[in-house]
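Me: Please take a close look at one part of this model for me. I would like the salt bridges, pair by pair, with their surroundings.

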Amino acid sequence: MSKLVKIIQANKKFLTPEGGSVIALNNVSLEVNAREFITLLGPSGCGKTTLLRSISGFEKLDSGQILIDSQEMTNFQPYKRPVNTVFQNYALFPHINVENNIGYGLDVTNCEKKERNKRVRETLELVGLVGLEKRQPSQLSGGQQQRVALARAIINRPKILLLDEPLSALDRKLRQAMQLELKNIQNELGIAFIFVTHDQEEALTMSDKIIVMNSGKIIQEGTPTEIYDNPASEFTAQFIGESNFFSGKISKIDDQLTVETNCNNKLIVNNFNKSDFINKKDVTILIRPEELLLNSDNKTENYYIECEIKQIVFLGTDFKIMCETSNNKTIQCTVRDSLRKNISKCKIGNKIKLFYDPSTLRILNNE
């Protein structure tokens, strides 16, 4: 697969009013393939928007390189780069209608009128706005405005589309619908999307690859399943999905790893590399809430955490059970609604055992 974008050791600092500086990008290197949907995921201030703006040309790197189609972009102004951006606030022209908002990029390049109208019509169909072309932006819903911004960005057929949290202003249901539509549009266009968000659901739903960022650095990159199933650190595990963390010290290493934890229970790990561990080493273990079970089977009957039920919350498709161990550590268990008969036996204040499969536990890097 060809490398459409190469970012090589990108660095960027911003000066603060107090006379200091903030590192926005710290030696960041990244590759994006043609037709790939990449999501930059991380908390506010992690550097994801700065990286996006550097690709578009709205920010200039202090050092490093950005190559698009093997061409160095340093001396290219934003309007000369083969990219377009969909901004968080959409930035629509309020005084012109939908059709002319979408066609604006073709108008400024003096596109022949017949070709211009043909491409506007095709783009209206692609984003589902046929019939609304004569409306002003103020006459559209938030979701419709988002589609106009997207249509305007793709009509020039850029090689890369950059999206800076474009769904953040939408309500949850519409946001979920637009996640699937964006992915469908990306597949139909066949161009690379680089999407910025701090919403893990958006990242998991749409991405071919997720780039987890923090403090100006790339912490981990991989497919959604790789990031979720095998987070490299506690930071990534916290940011993708819900997690139970158990700090402890290794007390025994044989075919299994035995860890004395901070929940007054031993945890047993099967899936590990012996050469990576020594006795008495401090480790952190991750168990996802959905991996804790109310009932045991042959795999799990000897592996459990004893605790007391403190709260039961119904979430529509799931029940979340909040529990507490004897030394007041809070852990959570998620049970599908299809197993409601098991939930009916759970009462606040009950002492229970939460079972686990030792092959699903993960040992995280302590950073």
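Reply: Start with one pair in this predicted model. Glu308 and Lys310 form a salt bridge, with their closest N and O atoms 3.3 Å apart. Lys310 is partly exposed, at 39% relative accessibility. Salt bridges with shared partners also build a network, made up of Glu99, Asp107, Arg116 and Lys134.

Now take one link of that network. Glu99 pairs with Arg116, and their closest N and O atoms are 3.7 Å apart. The two come from distant parts of the chain: Glu99 sits in helix 2 and Arg116 in helix 3, 17 residues apart. Are these partners buried or exposed? Glu99 is buried, because its relative accessible area of 17% falls under the 20% cut-off. Arg116 is buried too, with 7%.

Helix 3 also holds a pair of its own. Glu122 and Lys118 meet in a salt bridge at 3.0 Å, N to O. They lie 4 residues apart in helix 3, about one turn of the helix. An α-helix has 3.6 residues a turn, so residues three or four places apart point the same way. Both side chains belong to partly exposed residues: Glu122 has a relative accessible area of 36%, and Lys118 has 34%.

Across the model, the count comes to 24 salt bridges.

Helices 2 and 3 have another role in the packing. Both are among the elements that cover the buried residues of helix 4. In helix 4, 10 of its 13 residues are buried, including Arg147 and Arg152.

Methods:
Residues are numbered from 1 along each chain as its sequence is written. This is a predicted model: local features need pLDDT of at least 70, side-chain atom pairs count only at pLDDT 80 or more; totals for chains, interfaces and linings use all residues. Side-chain values use heavy atoms; hydrogens and water are left out. Buried means under 20% relative accessible area, exposed over 50%, partly exposed in between (1.4 Å probe, protein chains only). Contact means heavy atoms within 4.5 Å. A salt bridge is a side-chain nitrogen of Lys or Arg within 4 Å of a carboxyl oxygen of Asp or Glu.
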